[in-house]
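Good morning, colleagues, and thank you for joining this session. Please take a moment to look over the sequence and the structure before I begin.

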Amino acid sequence: MTLDSANIVPAQTLAAPIWHSRTENGQLSEMPYLLYYWRLVMRFWWIIGGIILSLLALGLVVTLLIPPQYTAHARIEIDREQKSMADVSNLDSGPSHQDTEFYQTQYALLATRALADRVVSSLDLGNNSAFFLAHGVGAPITEQGVGLAERKVRERQAANLLLAHIAIDPVKDSKLVDIRYTSRSAELSAKIANEWVRSFIETRIDQQYSSTGDARHFLEGRLNEMRERLQRSERAASDFASGAGIVKLAQAVDSTGHTVSSQTLVEMALTARAAALNQATQSRITAQTQLSPDAGDASLDSSIIGLRQARSQLAAQYAQMLVQHEPTYPAAQELAAQMRQIDTDIRSAAKRIHDNRQMALKQAKAQEAQLESEVAELRRQLNEQQQATIQYNILLREADTNRQLYDALLQRYKEIGIAGTVGASQVTTVDAALQPNGPSSPSLLKNLAFALLLGLVLSGSAIFAIEHVGQSIHDSEMLARTLDIPIIGEAPLIPKTRMLTPLEDSASPLFEAYVSISSALSFATSHGVPKTLMVTSTRSGEGKSTTAAMLALILARKGKQVLLVDGDMRAPSLAELLSKHLSMIPEKGLSNYLSGEDDWTRNIQASDIAGLSLLSSGPKPPNAAELLTEQRLGALLAYATTVYDNVVIDTPPILGLADAPFISGMAEASLLVVEAGGPAQRAVKAATNRLRMTNGKLLGAVLTKVPRSHNDYSGIFDYYGQADDEQAG
């Protein structure tokens, strides 16, 4: 009989009596994480304790068995800038602006096999028995009779041991690097650490020598090549100058390496002729000026000036004499004769001077014309030379370039020679390794702490795997998080000794739990416990039959008329469970009625418990799902609800079978039984989803077989005695 779903009280109404609480809006409230983890620890304490104790014991044993190890460490400084007296850059490559790349390279070089081989060779570790014994390796074979191949094997083995026990630890934010070596011998550890530093420094110096020698050899070839190129370029410039008639009076090289030349012979001759022409022109102009009518007495020489002064004196005397005497006066006549003679001398001197100046002018013009002709010729020659000088300067520049390259290579060659003799290194020793006073390992405290930490991690991982990978449900809180339905209650895991008469022992924890579940169900609908209640589970063995029987028993003890129907026709168990309360084991039951018999009431057996009757499953049919039809089963339930107060139906598991989903559609409500630590969460979710898909009214879930360490049952178990971890029913 299918009842109206409106009679079922919503899940919010069931909040008070069920185990898992809900918020006012109906959402499941989450369990505090600390409480959740504490319950996990309490549930799996034996796993956690076992793993931790095992690892602590293992750590103790390992610590006692491991031989003591001694670690010696040296400290060096690595500077990116090379410390050298010569100003020579790195010969391998230009200075790097990436300090990180440089130092990472140095750290890698400190742990190379080549360096280990060098230490093996310098300390002869291949034949050192103490070295192998200090690393837990058998002593090497004796030198007598050892072949080259065997010696190489031992040396390779010694290098492998060095690389396995050396540690390079850069000091953060500094140029310092700690080199640590660990072995069973304190003296050997210090010796190898110091030798490692010394070999690394020598390796860097050897690399510098090697790169210097390679550079010198390379530069020697380049110098010879550049010397020949320079000679060819200078010879080409000289030959071109000779062919072009370019004669440089002097040449020099300035500070930039360029050739600076003085004037050529033509340029100097042109300069001299130009100066002479200027002087000849000036002489001609002077001669023309002296012949000019405007020159006057200013152009006369000093002799004429003297004669004119003498005549002026005679003229003055003659004029004075004429004041007293006649012109015929002998003295006056003598003065007149002297004046006439002076006038004649003046005219002769003036004519001579004029003739000389005419001659000088003629000569000046001739000289000027000659010089103009020479200057014009020199100009023509200079123009021709200037055209040739362009190519000559190109040849000179090529020669200058070759000379600069040659000088630079020669200077580099000299600097490399100086650097090769200095032998400076970028690595310096800050602290040499000292023999350690005590062992560095093993440390009992550290090993036990590590074992404890590892135990916590492994035990946590194991619990996580059990809890989440297996995805079993262990308590009501997890069940509430998994399913969006109310949790009606929990049934404890009962010891076998307490399950001998489970239906008769009203003081047992199991009975007490189902009384609480029954009380919670009384709030499920407006009329109390659903009239038809189907009890099912995800899989078999989860306690659904026990749950159905206990609920029917408790309802009967409350004065209800209850019909317990065994709807599991595949694996019935209610008849066996109630066998002590039945007068006989029923041979017929539900399957007979579903197969065609009309009077199913004849198959009902009353128990010795007042109000409790049983309709067993009957004979096992070939296909139980085919017998379930809504017409016959619905009629049975409809009639049963008129005779009985409650009908409790035990059905097969949901997953994989069609029985339970079909019956749930005709029952007023369904109850899902979930075993603690049983099916996976995904299986439980699939079961609830399948019930919803068939319109089953899923009332809630009951968690069964809850261990004594869960929730509130520990006190109950302590009261009833020691548990045996076995569920009955």
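I shall start with a term that will be needed shortly: a residue is called buried if its relative accessible area is under 20%, exposed if that value is over 50%, and partly exposed in between. Please also keep in mind that this is a predicted model.

Let us apply the term at once to Gln605, which is found in strand β10. Is Gln605 buried or exposed? Its relative accessibility is 13%, so Gln605 counts as buried. Leaving aside residues up to four places away in sequence, Gln605 touches Leu582, Met584, Ile585, Pro586, Ser613 and Leu614.

Two of those contacts, Ser613 and Leu614, bring us to strand β11, which covers residues 612-615. In a regular strand, side chains alternate between the two faces of the sheet. In β11, Leu612 and Leu614 point one way, while Ser613 and Leu615 point the other way. These four residues are all buried.

Which strands pair with β11? Strand β10, residues 604-606, pairs with β11 in the antiparallel sense over three bridges. Ala606 has Ser613 as its bridge partner in β11. Together β10 and β11 form a hairpin, with five residues between the two strands. Within that turn, Gly611 has a positive phi of about 90 degrees. Strand β9, residues 562-566, runs parallel to β11, and four bridges join the two. On this side, Val565 finds its bridge partner in Leu615.

I now step back to the protein as a whole. The protein has 729 residues, of which 42% count as buried. It contains 21 helices and 14 strands. Among contacts between residues at least 6 apart in sequence, 80% join residues at least 24 apart. The exposed surface amounts to about 38200 Å², and carbon and sulfur atoms supply 54% of it.

Next, I turn to an open sheet. Four strands form it, in the order β2-β3-β1-β6, and their pairing is antiparallel. Why is one side of β2 and of β6 left without a neighbour in the sheet? Strands β2 (166-170) and β6 (427-431) stand at the edges and have a single partner strand each, so one side of each has no neighbour there. From one strand to the next, the twist averages 30 degrees.

Inside this sheet, β1, residues 70-78, and β3, residues 176-183, pair in the antiparallel sense over eight bridges. Ala72 stands opposite Tyr181 in β3. Helix α3, residues 99-109, lies across β1, β2 and β3. The helix runs at about 145 degrees to β1.

My next topic is charge pairing. Side chains of opposite charge can pair when their charged atoms come close. How many salt bridges does the structure hold? There are 16.

One of them joins the side chains of Lys544 and Asp650, with an N to O distance of 3.3 Å. Lys544 lies in helix α14 (residues 544-557) and Asp650 in strand β12 (residues 646-650), so this pair ties together parts that are 106 residues apart in sequence. Both Lys544 and Asp650 are buried.

Another salt bridge links the side chains of Lys705 and Glu675, at 3.8 Å from N to O. This pair also connects distant parts of the chain: Lys705 is in strand β14 (residues 698-706) and Glu675 in strand β13 (residues 669-675), 30 residues apart. Lys705 and Glu675 are both buried. In addition, Arg75, Asp169, Asp178 and Arg180 are joined into one network by salt bridges that share partners.

Arg602 and Asp599 also form a salt bridge, their closest N and O atoms being 3.5 Å apart. Here Arg602 counts as exposed, with 64% relative accessibility. Asp599, at 32% relative accessibility, counts as partly exposed.

Finally, I draw your attention to the surface. Leu35, Trp38, Val41 and Met42 form a nonpolar patch there, with about 350 Å² of accessible area together. Among them, Val41 has its place in helix α1, residues 33-43. Val41 has a relative accessibility of 35% and therefore counts as partly exposed.

That concludes my presentation, and I thank you for your attention.

Terms used:
Residues are numbered from 1 along each chain as its sequence is written. This is a predicted model: local features need pLDDT of at least 70, side-chain atom pairs count only at pLDDT 80 or more; totals for chains, interfaces and linings use all residues. Side-chain values use heavy atoms; hydrogens and water are left out. Two strands pair if DSSP finds at least two bridges between them. Axes are lines fitted to C-alpha atoms, for helices over the stretch in contact, and angles run from 0 to 180 degrees between N-to-C directions. Contact means heavy atoms within 4.5 Å. Buried means under 20% relative accessible area, exposed over 50%, partly exposed in between (1.4 Å probe, protein chains only). Accessible areas come from the Shrake-Rupley method with a 1.4 Å probe; for residues, only the protein chains shown count as cover. A salt bridge is a side-chain nitrogen of Lys or Arg within 4 Å of a carboxyl oxygen of Asp or Glu. Patches are made of residues with over 30% relative accessible area and no salt bridge: like charges are joined within 9 Å, nonpolar side chains (Val, Leu, Ile, Met, Phe, Trp, Tyr) within 5 Å.
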